[in-house]
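I opened this model to practise reading a fold from its parts. These are my notes, in the order I looked things up.

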Amino acid sequence: MTTDLRALPSLPVMPVHRRVEHVMGMPVSLALRGRHAVDHEADAAWAEVLAALRDVDRVFSTYRPDSVVSRLDRGELALADCPTEVHEVLALGEQARQESRGAFDVRRPGPSGRRVLDPSGVVKGWAVERAARVLERLRATDSCLSAGGDLVCRTALPGSPGWRIGVEDPADPSRVLAVVPVRDGAVATSGLAHRGDHVVDARSGEVPRALASVTVVAPDLTWADLDATAAFALGADGPAWLRARPGRTGVVVHADGRAERFSGPSRSPRARRCG
Amino acid sequence: MRRISAFVLSTISVVVLLFGYSTSTAGPLAATTPPAAESGTTAGSTGSAGSTGSAGSTSTSGGTSSGSTVTGQVVSTRWGPVQVEITVADGRLTGVQVLQQPTGNPKDEEINAYALPILTQESVDAQSADIDMVSGATVTSEGYVSSLQSALDQAGL
């Protein structure tokens, strides 16, 4: 007798438990589902996630004059004296600058014309991806950690349905215009909604206007966030650039409200075979 | 039966099935989505399972003209232990039997690590979209107050 694999029994859907805190001026939300969704292990992991994000803020905040990055920018601290994390973030920023043909840059034109060091375009995704690793020790527990709309999904629950991630409509943040199912991966969105003119095209210093938002789905949040920001900064060139990025999918919303999906080339020989 | 065989033959490589359950179910989805729907994470997890999968055929039995049956080893996957048996006749796969089922639910299209986003016909509210979290440019705590994620968080607390 032959079994149709699609007819296997499914597990009941488990409840999702949520926590929210505000760190670095942004909301950090955690959704947990499974064995350690509400116990002391979950509490401990959540505390570690928040502590990790606060540590990052102390090192990288451009709003804190005493942060490592602020002191580095003012020349009070030598790069050699910075923590290894600073080197890691700067290296990522440089890689993103090269790969985005200069549209993304951690050194952006400041008010006085001097280029100021602002690695926040790298730090957010990188920090959340890093903090989310703590959650992997919660056995048989699915987690989804979101910080200001950028998120990391993990599934560890046998029979997990995965996470369903809505993509916010940039014209109306109370609505979604796409849904992406994610088991293990990250989703980042870049746009101008809610935060004024934050993203600039580093080549011109101008605020990009061609796109309303860029959402990137990738294996890790560091690159999902970098790519979303870079593509947004690239403006009209963003969609074509994204389609050449390996292992990414996502949604681009144009300034006129038109939404389009994209998917880059596969990342590995195995993926190509399955595709 | 014919439908099932067709399903198995067209969408699942038995070798892949032996390798790991998550891979086998990636097949049907991958067939309907562009290549990038497959992720590195999936590839990684199946790659590690591949070492056990390669030892798939452990026992062979069955007749000659009616085909032979090959029983795979029990393979541990992220969805639980999986063991399958295949029947081959005249060099062609004629049947697959699952001796040990994983506890996962393969009906989920989300079985892939992540997939191509699904665009809604028009923007919808969170409830209609049945979502767990929202990705958006809602960065500041001020913006969060009116955001959809806030509503989701409140609903879950």
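**Entry 1: the middle of the sheet.** I began with β9(A) and β10(A), which run antiparallel and are joined by six bridges. Strands here are DSSP runs of E with at least two residues, helices are runs of H or I with at least four, and both are numbered from the N terminus. Two strands count as paired if DSSP finds at least two bridges between them. Across this pair, Thr189(A) stands opposite Thr215(A) in β10(A). On β6(A), I found three bridges to β9(A), again antiparallel. There Leu151(A) has Val187(A) in β9(A) as its bridge partner.

I noted the ground rules before going on. This is a predicted model, in which local features need pLDDT of at least 70 and side-chain atom pairs count only at pLDDT 80 or more, while totals for chains, interfaces and linings use all residues. Residues are numbered from 1 along each chain as its sequence is written, chains are lettered from A and ligands numbered from 1 in the order in which they are written, and side-chain values use heavy atoms, with hydrogens and water left out.

**Entry 2: is β9(A) buried or exposed?** I found seven of its seven residues buried. Buried means under 20% relative accessible area, exposed means over 50%, and partly exposed lies in between, with a 1.4 Å probe and protein chains only. In a regular strand the side chains alternate between the two faces of the sheet. So I checked each face in turn, and both are covered. One side holds Gly185(A), Val187(A), Thr189(A) and Gly191(A). The other holds Ala186(A), Ala188(A) and Ser190(A).

**Entry 3: the whole sheet.** I traced eight strands in an open sheet, in the order β1-β2-β5-β6-β9-β10-β11-β12 of chain A, with antiparallel pairing. The edge strands are β1 (17-23) and β12 of chain A, since each pairs on one side only. The twist averages 15° from one strand to the next. Axes are lines fitted to C-alpha atoms, for helices over the stretch in contact, and angles run from 0 to 180 degrees between N-to-C directions.

At one edge, β1(A) and β2(A) pair over seven bridges. Arg18(A) has Ala31(A) in β2(A) as its bridge partner. At the other edge, β11(A) and β12(A) pair over five bridges. Thr249(A) stands opposite Ser263(A) in β12(A). These two strands form a hairpin with four residues between them. In the turn, Gly257(A) has a positive phi of about 95°.

**Entry 4: the helix across the sheet.** I turned to α5(A), which lies across β6, β9 (185-191) and β10 (211-218) of chain A, at about 25° to β9(A). 14 of its 14 residues are buried, so this helix is largely enclosed by the rest of the structure. Asp220(A) caps its N-terminal end, with a side-chain oxygen 3.0 Å from the backbone nitrogen of Thr222(A). Just after the helix, Gly235(A) takes a positive phi of about 65°.

**Entry 5: α4(A).** I looked next at α4(A), residues 120-132. Ten of its 13 residues are buried, so α4(A) too is largely enclosed. Among them are Trp126(A), Val128(A) and Glu129(A). The buried residues pack against several elements of chain A, including α1 (40-60), β5 (141-147) and α5 (221-234).

**Entry 6: the cores.** Which residues have the most contacts inside the largest nonpolar core? I found Phe60(A) and Leu145(A), in a core of 64 residues. α5(A) gives the most to this core, with ten residues. Apart from it lies another core of 13 residues, among them Trp163(A) and Met133(B). A nonpolar core is a set of buried Ala, Val, Leu, Ile, Met, Phe, Trp, Tyr and Cys residues joined through side-chain atoms within 4.5 Å.

I then listed contacts of Leu145(A), leaving aside neighbours within four places in sequence; among them are Val28(A), Trp46(A), Val128(A) and Leu151(A). Contact means heavy atoms within 4.5 Å.

**Entry 7: a loop and chain B.** I found His36(A) in the loop between β2 and α1 of chain A. At 10% relative accessibility, His36(A) counts as buried. In chain B, I found seven helices and seven strands. Of its 157 residues, 55% count as buried.

Terms used
Polar contact = N/O pair within 3.5 Å; in protein donor to acceptor, adjacent residues only side chain to side chain.
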